[in-house]
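Morning, everyone. Please have a look at the structure on the screen. I'll take two topics.

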There are 4 protein chains.
Amino acid sequence: MSPKSAIQNQEIRAESKRKILDAAFKLIAKDGYESTSIAKIAKEAEVSKGLLYNYFNSKEDMVKVMLEEALDEGDVLISGLLSDDPKETIRNVFQWFFREIRERLDYWRLITQLTFNIEKFKFVQELAANKMGEYIRLMQSLLNQLGYENPLNEARIIAALFDGIGVEVLVLKEQYPLDEMEAYLIEKYCK
Amino acid sequence: MSPKSAIQNQEIRAESKRKILDAAFKLIAKDGYESTSIAKIAKEAEVSKGLLYNYFNSKEDMVKVMLEEALDEGDVLISGLLSDDPKETIRNVFQWFFREIRERLDYWRLITQLTFNIEKFKFVQELAANKMGEYIRLMQSLLNQLGYENPLNEARIIAALFDGIGVEVLVLKEQYPLDEMEAYLIEKYCK
Amino acid sequence: MSPKSAIQNQEIRAESKRKILDAAFKLIAKDGYESTSIAKIAKEAEVSKGLLYNYFNSKEDMVKVMLEEALDEGDVLISGLLSDDPKETIRNVFQWFFREIRERLDYWRLITQLTFNIEKFKFVQELAANKMGEYIRLMQSLLNQLGYENPLNEARIIAALFDGIGVEVLVLKEQYPLDEMEAYLIEKYCK
Amino acid sequence: MSPKSAIQNQEIRAESKRKILDAAFKLIAKDGYESTSIAKIAKEAEVSKGLLYNYFNSKEDMVKVMLEEALDEGDVLISGLLSDDPKETIRNVFQWFFREIRERLDYWRLITQLTFNIEKFKFVQELAANKMGEYIRLMQSLLNQLGYENPLNEARIIAALFDGIGVEVLVLKEQYPLDEMEAYLIEKYCK
DNA sequence: TATGAATGAGACTTCATTCAT
DNA sequence: TATGAATGAAGTCTCATTCAT
């Protein structure tokens with residue numbers, strides 16, 4: 001009779017887009033960009049291959065959108081971690097980090113993979129580098145307040161620790177003693 | 001022409017194989033596994049595509065051999081780093097690590113890429129995990145001798161630091177303050 | 001809302017059909033049959049893709065209808081060019097031809113393209129051949145009245161001239177000396 | 001045992017290339033560029049689709065090579081048509097043209113199609129326009145020697161005649177009275 | 001041992017067509 | 001009557017692999 005309403009269409013589109021982006025995220029986080037074909041994504045999303053091109057101009061475009069969404073979502077506001085007590089703030093940062101690793105390892109893996117491998121997605125590197133700089137400056141200031149002798153290098157160590165623990169969890173998975181390390185690091189830096 | 005002797009043939013085989021594996025390493029470390037075609041490897045190695053299949057059953061097989069070799073070669077004997085003085089040994093380990101990062105970043109990148117992305121090469125993860133365990137046990141023993149309260153966790157921290165610095169150097173490249181961090185860590189752990 | 005009357009519906013249908021056919025003509029004359037997608041035509045016509053299939057069974061069918069219309073419209077009645085004076089009639093024919101070339105080059109290009117390239121639209125060739133035969137017979141009769149020795153072949157020459165000038169204008173566009181040729185030919189045949 | 005000799009390979013390559021280009025010529029001349037898929041060309045040439053890309057970078061590239069070859073081959077040297085007697089030269093030109101039309105109508109159709117339709121191959125238009133200019137200048141000079149009042153426009157008429165007869169032969173095929181027109185035109189211009 | 005022409009599966013992408021609303 | 005989300009066949013192109021020599 002009458003065509004679908006604009007709202008109906010909007011909802012349909014939003015849902016399809018979501019299914020596609022979720023499928024892309026899942027598969028690319030697991031297998032990497034090159035190993036994940038459009039066909040696999042469509043199958044995982046339970047739509048036709050053609051439909052992907054209704055929503056994205058290309059595979060690359062689709063992944064960029066997916067990445068941007070993931071980055072936005074993963075972007076915790078530093079302000080939310082701040083406290084009057086520097087030790088408290090450091091504890092918050094550690095706790096935030098370990099929560100991330102536990103709950104969003106897929107996201108972590110995705111970023112790591114795309115950052116390392118694909119020339120096309122090098123913009124992620126830049127964003128990641130900026131974010132890291134921000135955290136390093138925060139930690140430096142906190143460690144300074146706590147009287148560390150070389151707060152900059154100590155902050156760099158903590159940043160490297162985060163990256164390194166991330167990598168090791170990806171390799172060792174459940175075998176990595178996340179709880180123990182969390183407790184140990186908080187004790188070490190916030191005692 | 002006279003038939004080549006068995007020894008000559010063996011030498012020829014060894015050299016061709018070497019050229020192929022070197023080319024594969026170079027290109028895959030730079031561009032990644034999926035982006036490196038057999039044709040490119042053959043060209044870089046200055047042999048024909050067909051010859052690759054004379055030495056390896058498949059691209060996957062070739063890369064596995066290349067990886068195994070690379071892992072063997074990268075396998076520094078722990079014994080070579082040992083000293084009577086635990087502080088000296090720790091310094092040796094740190095120096096070895098930073099030398100690795102400086103001189104063989106390609107190797108590092110290669111391992112990281114293949115390990116994270118390609119289901120086919122996940123066996124590297126296991127090898128890497130074993131190796132890491134070995135180093136952690138060594139560090140644990142050394143830190144124990146130096147009177148650290150929790151030498152296991154402290155050793156884990158150093159292992160994560162190594163991984164993390166590796167990742168950050170891959171992202172930041174020359175911008176990463178390698179020299180400064182090396183000096184700082186040696187001072188911190190071996191003073 | 002009240003149901004539309006039959007007449008209203010008819011008007012609506014006619015208008016939609018017109019918009020679609022006009023858009024198809026415009027785009028296909030400019031870009032060719034294969035390069036003009038249904039989506040583009042729908043967009044140009046400001047209707048939905050689905051609506052096209054309400055009026056036509058297929059892209060091919062739509063183009064056939066469009067072509068038939070275009071041919072009908074381009075079908076100048078010979079009777080309108082006739083005069084008592086054969087020279088006057090020839091002048092009318094020449095002037096009609098050059099007017100066509102100037103004002104409806106798009107139409108010309110469309111026919112040429114579809115006729116030459118697309119197996120599906122070869123039926124136009126037959127129509128064109130019939131039309132050409134008609135004109136040749138007319139010219140033959142006129143040239144006969146003017147005392148030409150071989151009026152049939154001379155008429156054939158004029159027909160070929162028309163086709164040839166059409167081709168050259170398509171290739172050379174504004175560079176072709178249309179005005180000069182028109183004057184020259186009229187002078188030559190109607191002096 | 002030993003690999004194929006360089007000469008063998010060269011011959012094999014030349015033959016495959018030839019088969020591909022011939023198939024492309026044949027099909028594109030018949031059906032047009034867009035309607036002729038790589039798959040059809042490969043089938044006609046009796047090779048695999050992949051092989052085409054061993055010899056050409058893209059479909060467009062392949063067609064350009066094919067066109068350039070065809071244009072080279074079709075490029076009759078004007079010098080070969082010249083004679084001391086202008087009438088004799090004109091006769092040679094006419095005879096050359098009708099021989100072309102009789103023997104290489106496919107070539108003619110191909111050029112016409114690509115010239116009209118495909119933005120990608122517009123370079124053919126330019127070449128064709130240049131060639132035509134050359135012939136027009138030649139005819140102009142000859143007609144001038146024969147005392148024609150307006151030799152330039154008369155030469156333009158002959159050029160258009162050639163194009164027009166070409167088009168009509170494409171449409172009417174065997175029905176077109178080629179022999180009669182050839183005799184008539186030679187009689188008309190060279191009597 | 002060594003070559004490279006040839007293959008064919010599968011990648012990304014386009015687009016005519018269908019159908020629920 | 002009208003919409004546009006969805007489909008799937010077909011298009012161009014890439015590349016690991018085979019095989020005659």
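A salt bridge here means a side-chain nitrogen of Lys or Arg within 4 Å of a carboxyl oxygen of Asp or Glu. Keep that cut-off in mind. Arg18(A) and Glu69(A) form such a bridge, with their closest N and O atoms 2.8 Å apart. One caution: this is a predicted model.

So where does that bridge sit? Chain A is divided into domain 1, residues 1–56, and domain 2, residues 59–190. Across the interface of these two domains of chain A, the rule finds 1 salt bridge. There are also polar contacts to count. Between domain 1 and domain 2 of chain A we have 5 residue pairs in polar contact, both partners at pLDDT 80 or more.

Which elements does domain 1 of chain A use on that side? Helix 1 (6–31), helix 2 (38–45) and helix 3 of chain A each give two or more residues to the side touching domain 2. Helix 1 of chain A gives the most, with 9 residues. By residue class, this side of domain 1 of chain A splits into 12 nonpolar, 3 polar and 4 charged.

Now the extent of the interface. In chain A, 19 residues of domain 1 are in contact with 18 residues of domain 2. The size of an interface is often given as the accessible area lost when the parts come together. For domain 1 and domain 2 of chain A, about 1500 Å² is buried between them. Of that area, 72% is on carbon and sulfur atoms. The C-alpha centres of the two domains of chain A lie 30 Å apart.

Second topic: the DNA. Which residues come nearest to DNA strand E? Out of 46 residues around the strand, they are Tyr53(A), Tyr55(B), Ile38(C), Arg13(D) and Tyr55(D). Tyr53(A) also makes a phosphate contact: an N or O atom in its side chain is 2.5 Å from a phosphate oxygen of DNA strand E. Two backbones do something similar. A polar backbone atom of Lys59(A) is 2.8 Å from a phosphate oxygen of DNA strand E. For Ser48(D), a polar backbone atom is likewise 2.8 Å from a phosphate oxygen of this strand.

What part of DNA strand E is within 4 Å of the protein, by atoms? Sugar or phosphate accounts for 60% of those atoms, and bases for the rest.

Helix 3 (49–55) of chains A, B, C and D supplies at least two residues of the surface near DNA strand E in each case. Helix 1 (6–31) of chain B and of chain D does so too. The residues of that surface divide into 16 nonpolar, 20 polar and 10 charged.

Terms used. Residues are numbered from 1 along each chain as its sequence is written. Chains are lettered from A and ligands numbered from 1 in the order in which they are written. This is a predicted model: local features need pLDDT of at least 70, side-chain atom pairs count only at pLDDT 80 or more; totals for chains, interfaces and linings use all residues. Side-chain values use heavy atoms; hydrogens and water are left out. A residue is near a molecule or strand if one of its heavy atoms lies within 4 Å of it. A polar contact is a pair of N or O atoms within 3.5 Å; within protein, one must be able to donate a hydrogen and the other to accept it, and residues adjacent in sequence count only if both atoms are side-chain atoms. Helices (H or I, at least four residues) and strands (E, at least two) are DSSP runs, numbered from the N terminus. Ala, Val, Leu, Ile, Met, Phe, Trp, Tyr, Cys and Pro count as nonpolar, Asp, Glu, Lys and Arg as charged, and the others, Gly among them, as polar. Domain bounds come from an automatic or database domain assignment. Contact means heavy atoms within 4.5 Å. Buried area is the accessible area (1.4 Å probe) that two parts lose on being put together, summed over both.
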